[in-house]
Amino acid sequence: MKFRSTVRTAVLDRSDVFVLWLFAVLAALVGVAALVTAVTAIGGLFGDAVPVTLSTVMPVPADAATGTATIVSGSFDRADVVVSGIDMGARFALAGSIAVSALTTAIVAASIAALCRAVLRGRPFVRSMTWLLATASITLIAGTLIAAGLDTAAMFSIVAALNPDPMDAVFPFMSEYDFGPLLIGLVLSVVATAFQLGQKMQRDTEGLV
Amino acid sequence: MPPADDEATGVHCRLDELLAERGMSLTELSKRVGVSIVNLSVLKNDRAKAIRFSTLTAICEVLDCEIGELLVRARP
């Protein structure tokens, strides 16, 4: 026998419902935007000139300041450059990094939208939600690491192609990647575990009068 | 060991008999106790797996009976 949940009517007011719908729509939009942006970016990787962001350590010139304040010291750490003559391996690595990153974002966005829907239906603590959150967590952790690895490989390959001895060049063997999503992935895995407990507690309340 | 989710609880609710003895309907009991008809129906048909003390005492107060009169062990 199925027991109807009263969570939605008992706990969610109109503003909660609005916020959940807003989150679901925003998550869906972010997911779609990530995929569309990735397709466009990957398309631009296979032309003659490829736009890339390389790590660098270049001093900021002292005469960059012309006002009353002066620059004591400073450096640029990134440069947006357009490079030609990149080999296919680097292009595929960059494309892979962008694709993995976008797919990770899309999967997490879909999970958020599905979670909002489950909360709106008044039954968030179901097995499918626990699995979805666990999958999103693993995807986020693995996706971030894979995308970072591919990006670093591509950057090193490009830097090596730009300068035979990159240690003394403008662009040394360096790569920067945002590992923030990795932390979010770890948080999501804890949330998935909490949902597993919630699922058990919800099961315990079924048939309670 | 607690019973599995789909197993019988081994508890029979005598709500039907007590209501009949007092000439009271489930709807009236629902109004007086403040528990939905759906939940009372679940209780009446032995489909409940747990009952709050507050629900139990409220029903017994309205029906003027002891808890042991409302809930008995189901005969196999």
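Me: How many salt bridges are counted between chain B and chain A?

Reply: The count is 0; a salt bridge would need a side-chain nitrogen of Lys or Arg within 4 Å of a carboxyl oxygen of Asp or Glu. This is a predicted model, in which local features need pLDDT of at least 70, side-chain atom pairs count only at pLDDT 80 or more, and totals for chains, interfaces and linings use all residues. Residues are numbered from 1 along each chain as its sequence is written, chains are lettered from A in the order in which they are written, and side-chain values use heavy atoms, without hydrogens and water.

Me: What makes up the side of chain B that touches chain A?

Reply: Its residues divide into 5 nonpolar, 2 polar and 4 charged. Here Ala, Val, Leu, Ile, Met, Phe, Trp, Tyr, Cys and Pro count as nonpolar, Asp, Glu, Lys and Arg as charged, and the others, Gly among them, as polar.

Me: Which residues of chain B and chain A are said to be in contact, and how many are there?

Reply: Contact means heavy atoms within 4.5 Å. On that basis 11 residues of chain B are in contact with 7 residues of chain A.

Me: Why is Val17(A) called buried?

Reply: Buried means under 20% relative accessible area, exposed over 50%, and partly exposed in between (1.4 Å probe, protein chains only). Val17(A) has 16% relative accessibility and therefore counts as buried. The C-alpha atoms of Val17(A) and Val119(A) are separated by 9.0 Å, although the two residues are 102 residues apart along the chain.
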